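Please examine the structure shown below. A short set of questions and answers accompanies it.

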Amino acid sequence: GLAMATKLEEPPLDWLDGTPFRSYLIPSLLLAFVVGGSATFATVAMLLDGEAGGAGSAVAGGIMMGWIAVEFRMLDQPSWLQALYFGAGLLMTVLAAVVWF
């Protein structure tokens, strides 16, 4: 997310056709701070308190899966990476359930 916000990484702008975005700035900031921030929060919470970490990981995994689902729908650019990251979000959620319950 931060790489795209700072233009170190720039996917083609035509991928944004059909989305409400004209640049990658807003999506990349959302990716960095909402998706990445929730995962960072969950990691810290897990280190401090397993129960809180489990809840945080479940939320972060759900956010990641939601992000990928919206990305897949909006961009119409299917990639094996989307499946990988969706799977990572699912794994976070499942493992969180094991710790949390």
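The following turns introduce the fold and its helices.

This is a predicted model, in which local features need pLDDT of at least 70, side-chain atom pairs count only at pLDDT 80 or more, and totals for chains, interfaces and linings use all residues. Residues are numbered from 1 along each chain as its sequence is written, and side-chain values use heavy atoms, with hydrogens and water left out.

Q: Which order of elements does the protein chain follow from the N terminus on?
A: Helices (H or I, at least four residues) and strands (E, at least two) are DSSP runs, numbered from the N terminus. The protein chain has four helices and zero strands. From the N terminus on, the order is α-α-α-α.

Q: Where is the kink in α2 centred?
A: The bend at a residue is the angle between axes fitted to the seven residues ending there and the seven starting there. In α2 there is a kink of about 30 degrees, and its centre is glycine 37.

Q: Against which helices do the buried residues of α2 pack?
A: Buried means under 20% relative accessible area (1.4 Å probe, protein chains only). The buried residues of α2 include Pro27, Val35 and Ala45. They pack against α1 (2-5) and α3 (50-75).

Q: Why are α3 and α4 described as roughly antiparallel or roughly parallel?
A: Axes are lines fitted to C-alpha atoms, for helices over the stretch in contact (heavy atoms within 4.5 Å), and angles run from 0 to 180 degrees between N-to-C directions. α3 and helix α4 (residues 80-100) pack at about 155 degrees, with axes 8 Å apart. Angles under 35 degrees count as roughly parallel and over 145 as roughly antiparallel. The two helices, α3 and α4, are therefore roughly antiparallel.

Key: Buried means under 20% relative accessible area, exposed over 50%, partly exposed in between (1.4 Å probe, protein chains only). Angles under 35 degrees count as roughly parallel, over 145 as roughly antiparallel, 65 to 115 as roughly perpendicular and the rest as oblique.
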